[in-house]
Amino acid sequence: MDVVKDIPVGEMPHNIVFHPNGLEAFVTLQGEDKIAIIDVSSLETTGFIEVGNLPHNLDITPNGNILFVTNIGSNDIAVVDLDDDEIIKRISVSQGHHGIDIPPTGNRIFVSGIGDDKISVIDTTSLEVIKQITVGNGPHGLRTDSSGTKLYVGVTQTNEVVVIDTKTLKITDRLNPGNVPFWVAIPGNP
C-alpha cells in the first residue's frame, strides 16, 4: 500500500476511467478544460484532449471507441472519438454537477445533473437524448448493475436511491439509505 509514482497530469484532476484494453487511462482536468491521457505501462501522461468547460465525470463505451465527458460549465457531454481523439458531438443534458454511466450492453448512457431533477438517457447509436426521467431534486451518483438491467441513482435532496428499469426506463423502487446519498457503488460496475 505504498505510493509507487505520482503522475503529473495538470490542474484540478477530478475523475479517471480506464480503457477496456487496460493500456490507457483518461483523467478529467477541471482546471484546464481537457482530459489527460495516461499510458498505464509507463505511468506517463502521453497527451491531452480539449473537451469543454469544467470537465467533471466521464465514461467509455465497452468497446473503447467512444469517450463521454460531462462538462459542468456548459451542461453538456463531449463525445470523443478515441480513434482520432476528437470531439464528434456535444449533447445538452440537465444542469449541474453530473454523474454518468454506460451499462455493460453499451446501448445507452445515463447522465444525472445535481442542479435538476432528471436523468438524461442517451442512445449510443444516434447520440441523441431519448428520454428525461424525473427522479427528484438533486440526482448525482448513478450506476447500473452488472447485468445492465437496473440503474441506481442517488438523489441528494430527497434522500433516496431511485431504481430504474433500463429497458422500460421506468422507476421501479425508491430506497432510503440515509441522508444525502451522493454516489453509489455497485459490484461489477467500477
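**Close-up views of a predicted model**

**View 1. A salt bridge links K5 and E44.** The side chains of K5 and E44 come together in a salt bridge, with 2.4 Å from N to O. K5 belongs to the segment before β1, while E44 sits in strand β4, so this pair ties together parts that are 39 residues apart in sequence. Side chains of opposite charge can pair when their charged atoms come close. Counting with a limit of 4 Å between a side-chain nitrogen of Lys or Arg and a carboxyl oxygen of Asp or Glu, we arrive at 7 salt bridges. Please keep in mind, here and in the views below, that this is a predicted model.

**View 2. Strands β1 to β4 make an open sheet.** Here you meet 4 strands in the order β1-β2-β3-β4, paired in the antiparallel sense. Which strands are the edge strands? They are β1, residues 13-18, and β4, residues 44-50, and each of them pairs on one side only. From one strand to the next, the twist averages 25°.

**View 3. β1 lies beside β2 in an antiparallel pair.** Strand β2 covers residues 24-29, and its antiparallel pairing with β1 extends over 4 bridges. To find your place in this pair, look for V17, which stands opposite F26 in β2. In a regular strand the side chains alternate between the two faces of the sheet.

**View 4. A hairpin is formed by β3 and β4.** Strand β3, residues 34-39, runs antiparallel to β4, and 6 bridges join the two. One bridge partnership to pick out is that of K34 with E50 in β4. How many residues lie between β3 and β4 in the hairpin? There are 4, and L43 in the turn has a positive phi of about 55°. β4 is also the strand that holds E44, the partner of K5 in the first view.

**View 5. Strands β13 to β16 make another open sheet.** This sheet has 4 strands in the order β13-β14-β15-β16, with antiparallel pairing. Its edge strands are β13 (139-144) and β16 (170-175), each pairing on one side only. On average, neighbouring strands in this sheet are turned by 25° against each other, direction ignored. Within the sheet, strand β15 (residues 160-165) runs antiparallel to β16, joined to it by 5 bridges. A handy landmark here is V161, which stands opposite L175 in β16.

**View 6. Four acidic residues form a negative surface patch.** Which residues make up the negative patch on the surface? They are D83, D84, D85 and E86. Of these, E86 is found in strand β8, which covers residues 86-92.

Terms used. Residues numbered from 1 in each chain as written. Predicted model: local features only at pLDDT ≥ 70, side-chain atom pairs only at ≥ 80, totals over all residues. Heavy atoms only, no water. Pairing = 2+ DSSP bridges. Axes fitted to C-alpha atoms, helices over the stretch in contact; angles between N-to-C directions. Patch = residues over 30% accessible without salt bridge, like charges linked within 9 Å, V, L, I, M, F, W, Y side chains within 5 Å. Areas by Shrake-Rupley, 256 points an atom, 1.4 Å probe, with all protein chains shown as cover. Lys, Arg positive; Asp, Glu negative; His and termini not counted. Charge placed at Lys NZ, Arg CZ, Asp CG, Glu CD.
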